[in-house]
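Here are my notes from a pass through the model you sent over. Have it open while you read, since I go region by region.

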Amino acid sequence: MENGSKKWGFQADKGLNAASAITVRGVLNELIESLNKQDQRPVIPLGHGDPSAFPCFRTTSVAEDAIVDALKSAKFNCYAPTVGILTARRAIADHLNRDLPFKLSPDDVFVTLGCTQAIEVTLTVLGRPGANILLPRPGFPYYEAVASRSNLEVRHFDLLPEKGWEVDLEAVEALADENSVAMVIINPGNPCGNVYSYGHLKKIAETARKIGIMVIADEVYAHLTFGSTPYVRMGTFGPIVPVLSLGSISKRWIVPGWRIGWLVTSDANGILKNSGVVDSILSCLNLTPDPATFIQGALSEILENTKKDFFLKTISLLREAVDTCYDMIQGNPYITCPMKPEGSMFIMAKLNLSLLEGIKDDMDFCLKLAKEESVIVLPGIAVGLKNWLRISFAIEPSALEVGLGRMKSFCERHAKKQ
Ligand SMILES: *Cc1c(COP(=O)(O)O)cnc(C)c1O
């Protein structure tokens with residue numbers, strides 16, 4: 001039969017393609033396509049934050065055994081309750097309570113499909129025509145992508161590189177109006193590697209209170225810190241301002257494929273409850289899929305019984321990696337790093353384009369770097385900061401050295417002749 005003349009009633013939503021092109025995954029896919037297949041050298045992936053493929057970053061056997069045991073127990077073959085199974089909710093509350101001056105209850109906890117779904121639920125619940133949300137720049141572009149689908153206008157405040165990537169709180173006040181609903185912080189930070197002090201977090205809480213908005217705290221890198229600033233959870237300031245804390249085991253346990261996380265309310269004054277936010281979270285979760293029940297079943301064992309040694313090993317690997325990374329960037333005059341990261345897996349470095357010949361911008365730099373050196377680095381534009389680079393140092397230390405070495409040769413080859 002002829003297909004040419006037949007009219008079909010469906011058409012794909014092309015808007016999705018545009019939205020996905022600006023995500024980290026979208027940009028990385030483009031870079032991977034420009035790799036030179038003739039190059040015999042191994043590709044060095046400094047683009048994404050998933051070190052699970054490297055043997056030195058393998059997760060703890062406590063977590064692996066917990067999954068196997070949960071599966072074999074045959075207790076978790078059922079559908080889970082919308083909010084998550086009770087043992088998982090209680091374990092998450094206990095886990096966070098170790099860092100908080102007051103006690104969360106399991107009722108404050110919603111189990112989600114990774115931190116990703118926690119973001120999606122949060123922004124979906126807050127969206128309404130006319131509302132706006134304040135997002136950090138640079139940031140994590142998934143927030144922008146979800147906001148644009150959720151009736152939330154995005155307004156950006158800057159993170160200040162010269163101040164350890166602290167939030168520009170004056171900008172936050174200037175941006176906000178009566179339709180602002182929330183501000184987002186990512187701590188420890190992706191892409192900047194910031195770890196905010198108690199004092200700065202308190203100022204964030206006070207500013208949000210003054211404006212009348214909640215704080216959404218993305219804490220997916222919680223405790224992946226290796227600098228001098230102690231890690232403080234935003235929920236600590238729940239008595240000042242309502243806080244939604246988002247997290248998961250993806251990064252600290254290095255199992256992003258297991259897809260389990262949480263959305264937690266720190267709502268000492270019952271503001272989220274009284275305004276209907278908690279009910280809407282429940283409704284939203286009723287309409288969306290849940291993490292696999294046996295993964296939920298394993299969570300309490302994972303959170304309660306992972307040995308300190310495992311965390312210490314990861315931290316010491318990351319500390320060694322960040323030292324190497326920072327030193328090698330210092331030794332490369334074509335890029336500048338304003339701050340040595342204290343947490344997460346990323347470093348932001350500024351491209352000194354005026355010293356380079358024939359490189360248009362950060363995207364051009366990254367495409368050519370992929371093609372000529374088989375090194376993948378994320379252009380800053382993908383996280384909201386044009387002509388910067390986001391380098392992930394969470395890879396095997398020897399590979400990191402090779403990658404940064406190739407980046408330096410690349411810069412020297414493309415240097416402006418004096
Ligand atoms: C990786 C990441 C997420 C997503 O976490 P998952 O648990 O894998 O869904 C969310 N926020 C930030 C800042 C991240 O880097």
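1. Which residue stands opposite Val-243 in E8? That would be Val-215. Keep in mind that this is a predicted model. Val-215 belongs to strand E7, residues 214-218, and E7 and E8 run parallel to each other, with 4 bridges between them.

2. On its other pairing, E8 goes with strand E9 (residues 261-266), this time antiparallel and over 6 bridges. One pair to look at there is Ser-245 with Val-264 in E9, which stand opposite each other.

3. Is E8 buried or exposed? Strand E8 covers residues 243-248, and 6 of the 6 are buried, so the rest of the structure largely encloses it. In a regular strand, side chains alternate between the two faces of the sheet. Here Val-243, Ser-245 and Gly-247 point one way, while Leu-244, Leu-246 and Ser-248 point the other way. Both sets are buried.

4. Now the ligand. There are 14 residues around it, and the closest are Thr-116, Asp-218, Tyr-221, Ser-250 and Lys-251. If you want polar pairs to look at, start with Thr-116: a polar atom of its side chain is 2.5 Å from a ligand oxygen. Asp-218 has a polar side-chain atom 2.7 Å from a nitrogen of the ligand. For Lys-251, an N or O atom in the side chain lies 3.0 Å from a ligand oxygen.

5. Arg-406 deserves a look too. It sits in helix H14, which spans residues 397-413. Arg-406 is buried but makes no salt bridge. Why not? The nearest oppositely charged side chain is that of Glu-373, 4.9 Å away, and a salt bridge has to be within 4 Å, so this pair misses the cut-off. Leaving aside residues up to four places away in sequence, Arg-406 touches Arg-41, Pro-42, Ile-44, Glu-373, Ser-374 and Val-375.

6. Last, there is an open sheet of 5 strands, in the order E1-E12-E13-E11-E10, with mixed pairing. Which strands are at its edges? They are E1 (44-46) and E10 (335-336), each of which pairs on one side only. E10 pairs with strand E11, residues 346-351, in the antiparallel sense over 2 bridges. Within E11, Lys-350 is the bridge partner of Thr-336.

Conventions. Residues are numbered from 1 along each chain as its sequence is written. This is a predicted model: local features need pLDDT of at least 70, side-chain atom pairs count only at pLDDT 80 or more; totals for chains, interfaces and linings use all residues. Side-chain values use heavy atoms; hydrogens and water are left out. Buried means under 20% relative accessible area, exposed over 50%, partly exposed in between (1.4 Å probe, protein chains only). Lys and Arg count as positive and Asp and Glu as negative; His and the chain ends are not counted. Contact means heavy atoms within 4.5 Å. Two strands pair if DSSP finds at least two bridges between them. A residue is near a molecule or strand if one of its heavy atoms lies within 4 Å of it. A polar contact is a pair of N or O atoms within 3.5 Å; within protein, one must be able to donate a hydrogen and the other to accept it, and residues adjacent in sequence count only if both atoms are side-chain atoms.
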